[in-house]
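Reader: I'd like to learn how to read a model like this one. Can you take me through it a feature at a time?

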Amino acid sequence: MKRILIVDDSFYMRTMLKNMLTDAGYEVVGEAPNGQTALELAKETTPDLITLDVILPDNTGLDVLKGIKADQPDMKVIIVSAVGQEVIVNEAMEYGAKAYIVKPFSEEKVLEVVSQVLSEEAK
Amino acid sequence: MKSREQEYKEIFIAEALEYYDALNRHISTLEKQPDDERTLAEVFRLLHNLKANSKAIGYLHISDVSHKLETAFSLVRSKELSFSDEVVTVLFDGIDLLGELISAIDKDEEKEPDPVLLRNLDIIVENLSESTIELAKVQKYSSSKNLSLSELVYIQIKKLDHLMNLVGELMIDRDRILSLSKELGSNELKAVSSHLYRITEDLQYSVMDARLVNIGSLFNKFPRIVRDIATAEKKEVDLTLSGQDIQIDRNILQIMTDSLLHLVRNAVTHGLELPAERERKGKPRAGKLRMSAQSDRENVLIELTDDGSGMDFKQIKRTAVERQLVTADVAKGLTDAEVLSFLFEPGFSTAREVTEFSGRGVGLDVVKNAIDSIGGRLTVDSEKGRGTTFTMLLPTSIAVKGALLFEVDEIFYAIPLIHTQQVVALDKDEIHEIGEVMIANLKGENVTVVYLHELLNADEADMRLGDKDRLKGQVQNIVVVAYNNRKLGLIVDKLYRQQDIVVKPMSKPLDRIDLYGGVTLLGTGKVCLVLDVPATTRYFMNRRQ
């Protein structure tokens with residue numbers, strides 16, 4: 001079972017994502033509400049994939065992305081952002097994010113992107 | 001059962017109201033320090049989440065207003081909009097409006113945003129700085145504004161413990177009243193007491209429900225722990241978790257924490273082999289460790305399985321003989337389950353190496369005692385070369401237990417259902433005297449049976465546990481209990497019903513009699529002793545030696 005870590009500061013968003021992913025047979029190994037916890041859980045749980053919100057209370061999602069990549073360069077990260085944050089998303093892709101999802105997202109879209117990224121061979 | 005939509009809605013509202021409170025706090029700070037970059041960023045984040053969440057759940061008014069406010073604050077942030085009095089008023093109004101819209105959803109009311117306010121927001125957002133004069137006075141509703149508090153509260157577990165105890169007391173009185181109403185034959189009292197019964201039951205489950213936490217909150221700590229132990233032991237371990245959503249009483253989970261940690265350490269240190277050794281045996285290099293939880297209404301089942309070397313039955317037998325727990329002759333004839341039960345003897349350990357993580361000497365008896373203390377059951381199953389499984393059957397709640405009521409020598413007893421395997425009625429002729437004990441064949445399995453009347457009441461000198469003549473009557477009611485990988489049949493005088501009971505601990509100095517786990521009061525007002533299955537089993541084992 002593929003293991004996923006969810007990073008989002010909204011409990012509502014985490015619950016939705018978690019239900020969508022769990023229903024589809026993924027294992028959600030952790031939920032981080034802020035950047036600090038995200039970095040700790042990424043190390044601790046070494047998931048197959050991380051969904052990362054770009055706006056977090058303590059750091060920006062970009063700093064978290066850099067932190068994760070510095071520690072685990074092959075980690076697959078999907079950026080979750082809202083409309084109007086294209087600049088951040090583009091930057092995130094340069095830092096090695098695999099894909100992005102725009103809020104509000106549909107279940108189909110999330111599962112499509114997640115399964116696509118997970119099926120890519122690690123380079 | 002709540003639907004997922006209902007649950008989403010509740011979470012959305014609770015979180016949105018938190019955001020609303022935080023926004024109010026921050027905007028007051030900003031009024032005094034408009035350049036506070038951190039507060040601005042925080043306001044921006046809160047509005048951003050509110051916008052995204054409300055859009056996702058379909059409350060478009062809220063996402064629309066959040067969006068306008070977000071834009072306004074981003075203009076403040078980029079200094080394109082000054083934080084003037086007029087602007088502040090509009091922003092305050094906007095945040096108030098958010099609060100009202102959120103509360104309206106909570107009360108299932110339709111609420112349209114005030115068009116004047118929306119236009120004011122548009123004016124500042126479009127940065128028509130000259131036209132702030134145009135900002136129309138918005139009808140102030142602050143005088144009639146209600147204070148709204150968060151829908152979520154944090155509560156100390158101590159308070160829930162107290163609540164649970166009170167429910168327990170209430171259940172006892174309820175049963176008494178129900179029983180009295182039948183005795184008195186009053187229809188009115190019967191109607192009231194059956195209503196009281198339903199309410200108490202509802203209350204009991206609500207309090208139990210409030211104490212539940214996800215098992216994941218414990219399970220999810222293990223990937224890191226296992227990784228650390230594996231690294232120290234130079235092993236490769238592939239840990240899988242399942243059932244993290246299963247809910248369990250918080251205190252039970254707390255007591256389980258050390259036990260589970262102990263079992264996991266043992267599994268990695270002593271169970272799983274080194275990668276090279278595994279390869280020689282034709283197993284994958286990485287050992288598999290599976291931690292799972294399942295539940296039914298009454299119990300939660302936690303399993304820990306490894307695919308390591310399994311228990312060394314010969315070594316366990318040797319150690320048991322060395323420690324004089326059993327004679328060499330008897331040891332030869334023991335079943336696998338009986339051999340494994342030695343693992344739970346105090347201080348029993350066959351480990352030869354002391355390691356940082358699994359020191360020698362701390363036996364499985366510690367784990368067993370912890371699980372006994374909450375009325376759970378621990379069993380172990382193992383196959384040499386294939387691995388070991390520990391199974392923990394735990395009650396979902398400590399205070400209230402399902403129990404089987406019976407009578408011995410005109411005294412009422414109860415046995416928690418978690419320990420009972422089956423109830424059978426056998427003819428006296430189907431019970432056989434073998435040596436010092438009686439044996440009955442139950443579905444092809446020979447089970448030791450004991451007459452409780454004899455065990456509990458006979459004088460030590462005159463106790464004859466293997467004597468069929470002591471049995472009264474022809475048909476024998478047997479409650480089969482399981483403890484420590486062993487089965488024992490308890491012959492009782494009269495069997496009654498199953499019932500939820502509230503176990504009250506014995507008060508001093510009676511609390512030192514460990515044969516009884518406590519007492520409970522029956523509806524008739526009679527006292528009922530709760531038999532402690534682990535202690536009864538031990539008591540029996542000691543008598544027959």
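Author: Let's start with the vocabulary: helices (H or I, at least four residues) and strands (E, at least two) are DSSP runs, numbered from the N terminus. Counted that way, chain B has 17 helices and 18 strands. Keep in mind that this is a predicted model, where local features need pLDDT of at least 70, side-chain atom pairs count only at pLDDT 80 or more, and totals for chains, interfaces and linings use all residues. Residues are numbered from 1 along each chain as its sequence is written, while chains are lettered from A and ligands numbered from 1 in the order in which they are written.

Reader: What is the mean pLDDT of each chain?

Author: pLDDT is the predictor's confidence in each residue, from 0 to 100. Chain A has a mean of 88, with 96% of its residues at 70 or more. Chain B averages 83, and 91% of its residues score at least 70. For the model, ipTM is 0.81 and pTM is 0.53.

Reader: Which elements have the lowest and highest confidence?

Author: In chain A, the lowest is helix α4 (residues 86-94) of chain A, with a mean of 84, and the highest is strand β1 (residues 3-7) of chain A, at 95. Among the elements of chain B, α5(B) has the lowest mean, 78, and helix α11 (residues 275-280) of chain B the highest, 94.

Reader: Where in chain B does pLDDT stay under 50?

Author: One such stretch is residues 139-145 of chain B. To judge it, you need contacts: two residues are in contact if their C-beta atoms, placed from the backbone, lie within 7 Å. Residues 139-145 of chain B have two contacts beyond four places in sequence. Residues 352-362 of chain B are also below 50, and they have 18 contacts beyond near neighbours in sequence.

Reader: How many residues are in contact between the two chains?

Author: An interface can be described in several ways; its size is often given as the accessible area lost when the parts come together. Here we count contacts instead: 17 residues of chain A are in contact with 16 residues of chain B. On the chain A side, the elements giving two or more residues are α1 (11-23), β2 (27-32) and α2 (35-45) of chain A. The largest share, six residues, comes from α1(A).

Reader: And how do the residues on that side of chain A divide by type?

Author: The rule is that Ala, Val, Leu, Ile, Met, Phe, Trp, Tyr, Cys and Pro count as nonpolar, Asp, Glu, Lys and Arg as charged, and the others, Gly among them, as polar. The residues of chain A that touch chain B divide into nine nonpolar, five polar and three charged.

Reader: Is Leu40(B) buried or exposed?

Author: A residue is buried if 20 or more other C-beta atoms lie within 10 Å of its own, exposed if 12 or fewer, and partly exposed in between, with C-beta atoms placed from the backbone. Leu40(B), found in helix α2 (residues 37-57) of chain B, is buried because 20 other C-beta atoms lie within 10 Å. Leaving out residues up to four places away in sequence, Leu40(B) touches Leu30(B), Phe73(B), Val76(B) and Arg77(B). For contrast, Ala331(B) in helix α13 (residues 328-332) of chain B has 18 such atoms, so Ala331(B) is partly exposed. Across chain B, 33% of the 545 residues count as buried.

Reader: Which residues of helix α5(B) are buried?

Author: An α-helix has 3.6 residues a turn, so residues three or four places apart point the same way. In helix α5 (residues 115-125) of chain B, the buried ones are Leu117(B), Asn120(B), Leu121(B), Ile123(B) and Ile124(B). They cover an arc of only 160 degrees around the axis (taken from the directions from the helix axis to the C-beta atoms), which puts them on the same side of α5(B). What covers them includes α3 (60-77) and α4 (85-106) of chain B.

Reader: Last one: what is the strand order in the open sheet of six strands?

Author: Two strands pair if DSSP finds at least two bridges between them. The order is β10-β14-β15-β13-β12-β11 (chain B), with mixed pairing. The edge strands, β10 (420-427) and β11 (431-434) of chain B, each pair on one side only. Inside that sheet, strand β12 (residues 437-442) of chain B and strand β13 (residues 445-451) of chain B pair in the antiparallel sense over five bridges, with Met438(B) opposite Val449(B) in β13(B).
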